[in-house]
Amino acid sequence: MINMRKAAIIGCGFVGATTAFSLMHQGLFTELVLIDTDQKKAEGEAMDLSHGRPYVDTARIYAGTYDDITDCSLIIITAGANQKSNETRLDLVHKNVAILKSIIPEITKRGCEGLLLIVSNPVDILTYAAFRLSGFPSSRVFGSGTVLDSARFRYLLSEHLKVDTESIHAFIIGEHGDSELAVWSGTNVAGIPIHDFCEFRGHYHHTEAMEAIYHRVKNSAYDIIDRKGATYYGIAMAVSHITESIIRNKNSILPISSLLTGQYGIRDLYLSIPTIVNRGGAQQPLEIPLSGQEHLALTKSAKTLKEVIASLDLSI
């Protein structure tokens with residue numbers, strides 16, 4: 001029996017602990033389980049977070065084991081090696097697939113019927129691996145995708161144009177990584193195409209501005225890691241945003257990592273694509289309009305990921 005107000009976080013590093021902190025402030029769950037190979041670390045994080053419970057309307061939070069996940073509605077996997085300043089997300093793939101191969105069997109053998117939200121990097125490849133390893137329906141296995149990248153995109157546009165981020169509609173899609181692309185052809189501010197709105201605000205050098213903003217989005221993680229060693233606040237808030245759509249059954253359209261079954265001419269691959277998200281998980285990846293150049297970039301991004309996946313052993 002699924003308890004919609006119970007979730008688990010597997011991996012209590014920076015991202016896992018910060019995600020737990022963010023979820024506590026949302027008040028979506030009455031029970032939150034922390035699981036880590038380092039039990040004392042999980043216990044310490046749970047203790048620290050629990051001491052703030054008098055100030056938030058939130059869950060009982062505790063360090064647990066895989067036996068505690070059987071009735072969880074959502075299992076968030078953040079476990080994995082951290083990206084270093086000289087590494088790409090794809091450089092992490094073999095280390096983190098090995099970690100995932102130790103986690104997924106623990107989930108499946110307990111008959112858990114909840115959703116799997118993969119956050120560890122490289123998220124698109126690890127989500128595909130979790131799908132293959134678990135045997136779960138694709139709607140129940142999805143990744144955080146480019147939800148954070150798209151937030152970074154909207155933030156930088158809002159700073160450039162001096163308008164509220166909520167008025168900006170923009171997506172980063174493809175790989176959550178170096179081959180990701182900005183969908184400039186569909187970007188608008190309050191329904192006004194981006195180039196037109198830029199000119200309303202006195203900006204006319206569109207190509208230069210597009211390149212600068214795109215590269216700042218793509219390189220954000222590298223820039224943060226170079227300065228402070230890791231990224232975790234932004235992704236924790238992005239995961240909380242995805243979680244809210246699930247628990248509140250909002251049918252939000254979010255660029256999560258979901259399985260493509262022919263959209264954009266791509267099959268059997270998880271990519272970060274705008275997808276309807278609700279209590280049932282990843283319900284429907286959407287084939288949004290792309291320019292010819294954007295479609296080519298997406299195809300190239302897919303090819304990059306397929307080549308990496310072909311090198312992996314996804315047997316248990």
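## Lys218, a buried charge

Lys218 is found in helix H7, which covers residues 206–218. (Helices are DSSP runs of H or I with at least four residues, strands are runs of E with at least two, and the numbering starts at the N terminus.) This is a predicted model, in which local features need pLDDT of at least 70 and side-chain atom pairs count only at pLDDT 80 or more, while totals for chains, interfaces and linings use all residues. Residues are numbered from 1 along each chain as its sequence is written, and side-chain values use heavy atoms, with hydrogens and water left out.

What is the nearest side chain of opposite charge to Lys218, and how far away is it? It is Asp178, at 5.7 Å, and Lys218 is buried without a salt bridge. Here, buried means under 20% relative accessible area, exposed means over 50%, and partly exposed lies in between, with a 1.4 Å probe and protein chains only. Lys and Arg count as positive, Asp and Glu as negative, and His and the chain ends are not counted; a salt bridge needs a side-chain nitrogen of Lys or Arg within 4 Å of a carboxyl oxygen of Asp or Glu. Asp178 also appears among the contacts of Lys218, together with Gly177 and Glu180, once neighbours within four places in sequence are set aside. (Contact means heavy atoms within 4.5 Å.)

## Backbone points to check

Most residues other than glycine have a negative phi, and most peptide bonds are trans. Against that background, three places in this model deserve a look. The peptide bond that joins Asn121 and Pro122 is cis, with omega at about -5°. Pro122 belongs to the loop between strand S5 (115–118) and helix H4 (123–134).

Lys162 is not a glycine, yet its phi is positive, near 60°. Its place is in the loop that links helix H5 (147–161) and strand S7 (168–169). Tyr264 also has a positive phi near 60° without being glycine, and this residue sits in the loop between strand S13 (257–261) and strand S14 (267–272). Are these residues buried or exposed? Lys162 counts as exposed because its relative accessibility is 61%, whereas Tyr264 has 5% and therefore counts as buried.

## Two buried residues and their surroundings

Thr127 lies in helix H4, and its relative accessibility is 0%, so it counts as buried. Beyond its neighbours within four places in sequence, Thr127 touches Ile118, Val141, Phe142, Gly143, Ser257 and Tyr270.

Pro255 is located in the loop between strand S12 (252–254) and S13. With a relative accessible area of 4%, Pro255 is buried too. Its contacts outside four places in sequence include Ser144, Gly145, Thr146, Val147 and Ser150, as well as Phe171, Ile172, Ser272, Ile273 and Pro274. Pro255 and Ile10 are 245 residues apart along the chain, and their C-alpha atoms are separated by 22 Å.

## Parallel pairing around S1

Ile10 brings us to strand S1. Strand S1 (residues 3–10) pairs in the parallel sense with strand S4 (residues 72–77) over 5 bridges, and Ala8 stands opposite Ile75 of S4. (Two strands pair if DSSP finds at least two bridges between them.)

S1 is also joined by 5 bridges to strand S2 (residues 31–35), again running parallel. Here Ile10 faces Ile35 in S2. Together with helix H1 (residues 14–26), S1 and S2 make a right-handed β-α-β unit: with the strands pointing away from the viewer, the path from the first strand over the helix to the second runs clockwise.

## Two antiparallel open sheets

One open sheet has 3 strands in the order S12-S15-S16, with antiparallel pairing. S12 and strand S16 (281–285) stand at the edges with a single partner strand each, so one side of each has no neighbour in the sheet. Neighbouring strands of this sheet are turned by 40° against each other on average, direction ignored (axes are lines fitted to C-alpha atoms, for helices over the stretch in contact, and angles run from 0 to 180 degrees between N-to-C directions). Strand S15 (residues 275–278) is connected to S16 by 4 antiparallel bridges, and Asn278 stands opposite Gly281 in S16.

Another open sheet has 3 strands in the order S7-S10-S11, also with antiparallel pairing. S7 and strand S11 (192–193) are its edge strands, each pairing on one side only. Between strand S10 (residues 188–189) and S11 there are 2 bridges in the antiparallel sense; Val189 has Ile192 of S11 as its bridge partner.
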